[in-house]
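Reader: I am new to reading structures. Please pick one part of this one and take me through it closely, then show me how the aromatic rings elsewhere are arranged.

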Amino acid sequence: NTIGDGVKGRGVVDAVEAVKEAEVVVMVLTTMEDTKALLNTIGDGVKGRGVVDAVEAVKEAEVVVMVLTTMEDTKALLNTIGDGVKGRVIVNLCSGNPDQGREVDELTKHLGAKGYVDGAYSGAPSKARAGAGTLFLASDDDAAKDAVKDLLTHLGENIWTGRVGSSRALDYAVVDLALINFMSYASNRAMMDHEGVSPELFFRCAAQRLSTIEGVFRAVLPKLESRTYTDPIATLDIWQNFTASRLPYMQSHNMSTVLPELTLDLIEKASQGGDKKDEDFTRLQEILTYKDGQERK
């Protein structure tokens, strides 16, 4: 069993359960203080079991799966393992951006790894234990993919995205949907509660609306790719009025207006002070996708 450093608070419960059936416990945490604290927490669960560090753990391994808190921790541990990386396939599931994933890829090559798989794990620790999470995975090496595909299916659905870096880009885009939707719900919840809208009714109607999102994205893709915003589905002006109409109510009932005010600011910038207010709402990409209207590098 491997206990990796991750979300604070998950380790205590996961670790105590993880060692119950284990003969050897491999501990890969960020600091020695964390390691000692976790050993003390596990307590009697350590009895009769071998405890080894990461350097020892990889000696018999063909595939090394790393799920550490930061990319700096990941690179530091790889450098500590050193020659132990040689001839092994490294799977890096630490959260980070595409450039960081490529940095780790280059480091594993420098250390003599047999292959590298760059990934992002989507799901809580309980999902991983149940094999019910989602892994976005990328590699430039088909042999490395073949070496890990059976193993990683135990953690959940494997989605291969292409070259190193692509899995992290997709992870940001997909996981952000949960946060953005939650922010919308949290911003509007006080009004719904005040007006007697039940959570169940919201969930049902939200599910219906969200089921149409794929169709909407596909419909607007030509506008996004061409950066032309004529023949609008819904204008920036319509969205501005729709968003602003709630402010007097929210202010009079002492409700937070942080999200609608942020949205109005984005619309104002996208409409260039109103000059482009009659163009399609997808013009928002001019400030959300492009920096100062310039093509990305």
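Author: Start with the cysteines. Cys94 is buried, with a relative accessible area of 1%. Cys205 is partly exposed, at 38%. (Buried means under 20% relative accessible area, exposed over 50%, partly exposed in between, with a 1.4 Å probe and protein chains only.) The structure holds zero disulfides, a disulfide being a pair of cysteine sulfur atoms within 2.5 Å.

This is a predicted model: local features need pLDDT of at least 70, side-chain atom pairs count only at pLDDT 80 or more, and totals for chains, interfaces and linings use all residues. Residues are numbered from 1 along each chain as its sequence is written, and side-chain values use heavy atoms, with hydrogens and water left out.

Now the close look: helix 7. It spans residues 142–152. (Helices, H or I of at least four residues, and strands, E of at least two, are DSSP runs numbered from the N terminus.) Ala144, Val148 and Leu152 are buried there. Seen down the axis, these buried residues fall within an arc of 40°, so they line one face of the helix. The arc is that of the directions from the helix axis to the C-beta atoms.

What do the buried residues of helix 7 pack against? Their partners are strand 4 (63–66), strand 5 (89–92), strand 6 (115–122), strand 7 (133–138) and strand 8 (156–162). Contact here means heavy atoms within 4.5 Å. Turn to the other side of helix 7. Asp142, Ala143, Asp146 and Asp150 are exposed there. At the N-terminal end, Asp141 caps helix 7. One of its side-chain oxygens lies 2.9 Å from the backbone nitrogen of Ala143. (A polar contact is a pair of N or O atoms within 3.5 Å; within protein, one must be able to donate a hydrogen and the other to accept it, and residues adjacent in sequence count only if both atoms are side-chain atoms.)

Next, the rings. The structure holds five aromatic pairs. (Rings of Phe, Tyr and Trp, the last by its six-membered ring, pair if their centres lie within 6.5 Å; planes under 30 degrees apart count as stacked, over 60 as edge-to-face and the rest as tilted.) Take Tyr185 and Phe202. Their ring centres are 4.8 Å apart and their planes at 25°, so the pair is stacked. Tyr185 sits in helix 8 (residues 166–194) and Phe202 in helix 9 (residues 199–210), 17 residues apart. Tyr185 is partly exposed at 21%, and Phe202 is partly exposed at 24%. Together with Phe203, they form one aromatic cluster.
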